[in-house]
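Subject: Structure for you to look at

Hello,

Please find the structure below, followed by notes on what was found in it. It may help to keep the 3D view open while you read.

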Amino acid sequence: MKIVSFNINGIRARLETLVPWIKKHTPDVAVFQEIKIQNESFPEKVFADLGYKIAINGQKSFNGVAILSKLPFDLVSNKLPGDEQDEQARFLEVVCSGKRIVCIYLPNGNPKNTEKFSYKLNWMDRLNRYCHDLLNLEEEIILLGDFNVIPQAIDCKFPELWKDDALYDDDVRSRFNYLLNSGFLDALRNCNPSKEIYTQWDYRNNAWETNNGVRIDHVLLSPLAADKLNDCWVEHDMREGDKPSDHVPIWINLDEN
């Protein structure tokens with residue numbers, strides 16, 4: 001089963017390249033972050049014509065997540081529990097082919113001395129509580145998306161430049177590590193234990209040209225899902241070409257049975 005996560009940074013800007021990309025790779029499931037569009041404006045027919053069933057949690061101009069699946073699925077929720085007042089579109093959960101797939105777009109949190117950072121920490125606390133409860137179900141759980149977390153120094157080219165950033169903050173990284181300590185496997189790092197591997201390069205300062213990237217897109221697997229892991233990799237080529245996203249897709253291949 002091929003599953004891919006991709007922060008597309010705007011569905012309208014990326015549609016011309018997304019369609020041939022999906023036709024070429026035919027993922028079983030694709031999850032997108034930062035679709036930056038409301039549900040009613042999402043180009044559902046384009047993907048339905050390619051054979052995909054679609055779940056959308058959209059928002060005008062920013063945020064927004066979507067799940068495309070070749071296989072039937074049941075929509076579980078489009079809202080992370082724990083704060084009924086939170087209206088930001090950052091969460092989508094489905095059950096597909098016996099696997100619970102949770103797509104997230106975790107808050108950036110910058111600048112740190114603002115409510116944005118407090119919101120990020122609170123969102124991560126809610127996520128951790130929810131994922132702790134999910135593990136008790138003893139299911140195949142795939143938690144993936146743009147986490148906006150740089151877990152370790154190896155996950156960015158110049159760690160010293162990130163020491164005051166919300167993506168590399170100690171409290172943020174400790175919350176990410178909570179998931180790993182609870183039993184989730186960092187699939188990409190597991191498959192590339194000592195390799196410098198990035199998933200996002202800023203549009204500014206020649207970041208792509210100088211490989212000044214960060215690893216902030218992740219796939220985390222519950223123990224039962226981790227048992228079926230074949231491979232996890234990033235698709236660097238998508239950062240090149242015409243009007244690319246600043247992120248690249250992260251792929252995972254799992255046994256179906």
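Two strands are said to pair if DSSP finds at least two bridges between them. With that in hand, the notes follow; please keep in mind that the model is predicted.

One sheet is open and made of 6 strands in the order 3-4-2-1-14-13, with mixed pairing. Strand 3 (53-57) and strand 13 (229-234) are the edge strands, each pairing on one side only. From one strand to the next, the twist averages 10°. At the strand 13 end of the order, strand 13 and strand 14 (residues 250-254) pair in the antiparallel sense over 5 bridges. Within this pair, Cys232 has Ile252 in strand 14 as its bridge partner.

Helix 1 lies across four strands of this sheet: strand 1 (2-7), strand 2 (29-33), strand 4 (65-69) and strand 14. Its direction is at about 165° to strand 1. Glu16 is found in helix 1, which covers residues 11-25. Is Glu16 buried or exposed? Its relative accessibility is 69%, so Glu16 counts as exposed, the cut-off being over 50%. Glu16 and Asp242 are 226 residues apart in sequence, while their C-alpha atoms are 9.5 Å apart in space.

Another open sheet has 6 strands in the order 5-6-7-8-12-9, and its pairing is mixed. Its edge strands, which pair on one side only, are strand 5 (73-77) and strand 9 (185-186).

Going along this sheet, strand 6 (residues 91-96) and strand 7 (residues 99-105) are antiparallel and share 6 bridges. Glu93 stands opposite Val102 of strand 7. Strand 7 then pairs with strand 8 in the parallel sense over 7 bridges, and Ile104 has Gly145 in strand 8 as its bridge partner. Strand 7, helix 3 (residues 115-135) and strand 8 together make a right-handed β-α-β unit. Strand 8 also pairs with strand 12, in the antiparallel sense over 5 bridges. There, Gly145 stands opposite His218 in strand 12. Gly145 therefore has a partner in strand 7 and another in strand 12, as strand 8 lies between them in the order 5-6-7-8-12-9.Why is strand 8 described as largely enclosed by the rest of the structure? The reason is that 7 of its 7 residues are buried, that is, under 20% relative accessible area. Helix 4 (residues 170-182) lies across strand 8 (140-146), strand 9 and strand 12 (217-221), and runs at about 25° to strand 12.

Regards

How values were computed:
Residues are numbered from 1 along each chain as its sequence is written. This is a predicted model: local features need pLDDT of at least 70, side-chain atom pairs count only at pLDDT 80 or more; totals for chains, interfaces and linings use all residues. Side-chain values use heavy atoms; hydrogens and water are left out. Helices (H or I, at least four residues) and strands (E, at least two) are DSSP runs, numbered from the N terminus. Contact means heavy atoms within 4.5 Å. Axes are lines fitted to C-alpha atoms, for helices over the stretch in contact, and angles run from 0 to 180 degrees between N-to-C directions. Buried means under 20% relative accessible area, exposed over 50%, partly exposed in between (1.4 Å probe, protein chains only). A crossover is right-handed if, with the strands pointing away from the viewer, the path from the first strand over the helix to the second runs clockwise.
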